[in-house]
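Please look over the sequence and the model shown here before reading the report that goes with them.

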Amino acid sequence: MSTIAEYGDLDGLALAALVRAGEVAPHELVEEAIRRAESVGAELGAIVAPMYDQARELSRKTLPEGPFRGVPFLLKDLLAAAAGAPFQSGSRFFRGHVPAHDAELVRRYRAAGLVPVAKTATSEFGITPYVETRAHGACKNPWDPTRSAGGSSGGSGAAVAARIVPAASGGDGGGSIRIPASCCGVFGLKPTRGRTPMGPDRAESWQGFSVQHALTRSVRDSAALLDATCLPEPGAPYYPPPPARPFLDEVAVDPAPLRVAISTRPLLGQAVHPDCAAAVLGAARLLEDLGHRVDEAAPDLDGPAFSRAFFAVLCAEVAAEIAHAARALGRTPTPDQFELATWTLAQIGHGLSAAEFVAARRHLLDAALKIGPFFRTYDVLVTPTLAEPPAPLGSLGPKGASATIMKLLGRARASGLLKRLTHVDPSVDQVYAYIPWTPVFNVTGQPAMSVPLHWNAAGLPIGVHFVGRYADEATLFRLAGQLERARPWAGRRPPVSA
């Protein structure tokens with residue numbers, strides 16, 4: 001096998017099949033991944049911590065006989081701690097931190113035969129839907145390097161799209177798998193709340209809204225990865241009902257005709273770009289051609305109230321995250337060690353009372369309870385993943401007068417004033433306008449996926465967002481497999497690719 005000629009055309013399961021057949025050795029795949037990471041990965045800003053020596057050593061040992069034996073893999077540099085590898089969470093505050101043990105999810109990746117090659121770029125603590133940090137710079141979109149790869153799993157999305165590896169890990173607390181999947185033209189599924197492990201260092205993240213999985217080029221790789229990682233974790237606070245059969249088996253089976261709701265009306269924002277609306281309308285036509293019943297419908301939601309409540313919970317979580325990191329590392333946090341948005345959110349979090357935090361969390365859970373009955377009528381909800389095509393670099397972060405005010409007030413720890421100002425701050429509103437669907441389904445805990453079904457006239461990928469019933473990844477995988485066969489995307493290559 002000429003790895004340069006074939007490597008980028010195959011998904012992870014296909015590469016593992018070549019290893020099992022003796023046509024290629026794991027160390028050859030790892031060397032090819034490293035070569036690509038050093039060239040294209042550096043150009044895109046997707047790689048932040050090489051693990052090359054570890055990967056080379058591991059690839060020459062006897063690897064577990066898992067479904068991905070010998071396949072190179074990348075780990076998002078957030079939550080996915082790997083023993084002996086730098087772990088920075090996109091933050092300068094963590095510089096020099098090297099954990100001594102694997103996260104449980106990483107342990108399961110290794111047991112599946114995957115070989116971690118490097119850590120990928122993330123926004124600080126996974127907060128923003130773009131990756132532009134002072135710690136590592138900007139992560140660029142391989143379809144247009146002047147645009148964002150999305151966030152917070154931007155490095156993973158860019159690396160998979162650019163053919164560095166067939167799959168990479170991600171985490172999703174408000175859309176952070178689905179956003180970069182849409183921006184980079186790859187497949188990204190957020191599993192049901194609690195489906196994958198968070199331990200051993202924490203039981204949950206962001207009040208359980210955050211869940212980890214992966215970004216892949218093929219649907220079957222995503223399904224097989226979830227099969228390899230979704231067993232219950234002892235001591236975890238919750239676990240959804242187990243699947244009836246392996247998720248990988250679902251991918252090859254067309255679903256029975258589904259009742260599908262489509263909507264281009266933003267749940268949290270105000271408007272949607274015509275390209276994103278066109279992607280959904282095109283998907284609706286395809287679904288009808290495949291025999292599904294399609295209606296225009298959406299769940300009811302008080303968008304402004306939901307946005308305020310989600311923002312309050314996020315601020316409290318960021319404050320707690322910095323405090324936890326300070327204790328664990330034995331360091332004193334100062335504003336200059338963090339992104340402006342991170343520090344500002346933390347100060348707002350410090351200003352919230354316990355009653356305000358509980359009220360915000362209750363509002364979110366009550367909203368989820370009201371959304372649930374919608375899925376008694378419909379099997380799947382389809383929306384745009386994002387309200388706009390991939391954003392230009394630098395367009396979503398705080399800037400101008402807004403940045404100046406945040407900086408001054410954040411340094412003064414003027415929490416009460418910040419709390420009042422930020423609810424109407426243009427930077428916050430701009431982010432919600434960009435991601436007006438994805439955070440809602442982190443709160444409900446439902447599985448959701450971004451499927452690369454559309455490219456606009458400028459050649460930019462536009463993801464289509466599918467939401468399933470709680471614990472029903474099976475239906476999403478059946479539908480995704482059917483869509484992949486009907487409208488294949490694996491052959492599309494971005495201008496910047498290995």
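The report below goes through a helix, some aromatic rings, charged pairs, one loop residue and the empty spaces of this predicted model.

## Helix 5 and its surroundings

Helix 5 covers residues 104-111, and within this stretch Glu104, Leu105, Val106, Arg108 and Tyr109 are buried. A general point about helices helps in reading such a list: an α-helix has 3.6 residues a turn, so residues three or four places apart point the same way. The buried residues of helix 5 pack against three strands, namely strand 2 (72-76), strand 8 (167-172) and strand 10 (211-216), and also against helix 8 (219-229).

After helix 5 comes glycine 113, and the phi angle of this glycine is positive, near 95°.

## Aromatic rings

Searching the whole structure for aromatic pairs gives 13 of them. One of these joins phenylalanine 374 and phenylalanine 375, whose ring centres are 5.4 Å apart; because their planes stand at 75°, and planes over 60 degrees apart count as edge-to-face, the pair is placed in that class. Both phenylalanine 374 and phenylalanine 375 are buried.

Elsewhere, ring pairs connect Phe87, Phe93, Phe94, Phe125, Phe338 and Trp343, so that these residues belong to one cluster under the rule that ring centres must lie within 6.5 Å. An aromatic ring can also have a charge placed over it, as with tryptophan 455, where the charged end of arginine 492 sits over the ring at 4.1 Å from its centre.

## Salt bridges

Side chains of opposite charge can pair when their charged atoms come close. In this model the count of such salt bridges comes to 21. One of them is formed by glutamate 57 and lysine 61, with 3.5 Å between the closest N and O atoms, and lysine 61 is partly exposed, having a relative accessible area of 47%. Another joins aspartate 77 to lysine 119, where the closest N and O atoms are 3.0 Å apart. Aspartate 77 belongs to the loop between strand 2 and helix 5, while lysine 119 belongs to strand 3 (residues 115-120), so this salt bridge ties together parts that are 42 residues apart in sequence. Both aspartate 77 and lysine 119 are buried.

A further salt bridge brings together the side chains of glutamate 321 and arginine 202, at 3.2 Å from N to O. Since glutamate 321 lies in helix 11 (residues 303-329) and arginine 202 in the loop between strand 9 (187-190) and strand 10, the pair ties together parts that are 119 residues apart in sequence. Glutamate 321 has a relative accessibility of 19% and counts as buried, because the cut-off for that word is under 20%. Arginine 202, with a relative accessible area of 26%, is partly exposed. Finally, Glu32, Arg35 and Arg36 are joined into one network by salt bridges that share partners.

## Valine 253 in its loop

Valine 253 is found in the loop between helix 9 (247-251) and strand 11 (259-262). Its relative accessibility is 32%, and valine 253 therefore counts as partly exposed, a class that lies between the limits of 20% and 50%.

Leaving aside residues up to four places away in sequence, valine 253 touches Arg245, Arg478 and Arg485. Alanine 149 is 104 residues from valine 253 along the chain, and the C-alpha atoms of these two residues are separated by 32 Å.

## Cavities and the largest pocket

How many cavities of 30 Å³ or more does the model hold? The count comes to four, and the largest cavity contains about 380 Å³ of space. This largest cavity is lined by 27 residues, of which Ile127, Thr128, Pro129, Leu314 and Val431 are the closest to its centre. Helix 11, helix 12 (340-351) and helix 17 (426-434) each supply at least two residues of this lining, and helix 17 gives the most, with four residues.

The largest pocket holds about 510 Å³ of space. Its lining consists of 30 residues, and those nearest its centre are Leu79, Phe87, Ser89, Arg202 and Glu321. Strand 8 and helix 11 are the elements that give two or more residues to the lining of this pocket, with helix 11 giving the most, at four residues. Two residues near the centre of the pocket, Arg202 and Glu321, are also the partners in a salt bridge described above.

Notes. Residues numbered from 1 in each chain as written. Predicted model: local features only at pLDDT ≥ 70, side-chain atom pairs only at ≥ 80, totals over all residues. Heavy atoms only, no water. Buried < 20%, exposed > 50% of the residue type's maximum accessible area, 1.4 Å probe, protein only. Contact = heavy atoms within 4.5 Å. Phe/Tyr/Trp six-rings, centres within 6.5 Å; stacked < 30°, edge-to-face > 60°. Lys NZ or Arg CZ within 6 Å of the ring centre and 35° of its normal. Salt bridge = Lys/Arg side-chain N within 4 Å of Asp/Glu carboxyl O. 1 Å grid on protein atoms, 1.4 Å probe; cavity = no way out; pocket = protein on both sides within 12 Å on 5 of 7 lines; lining within 4 Å. Points joined across faces, edges and corners; volume = space filled by probe spheres on them.
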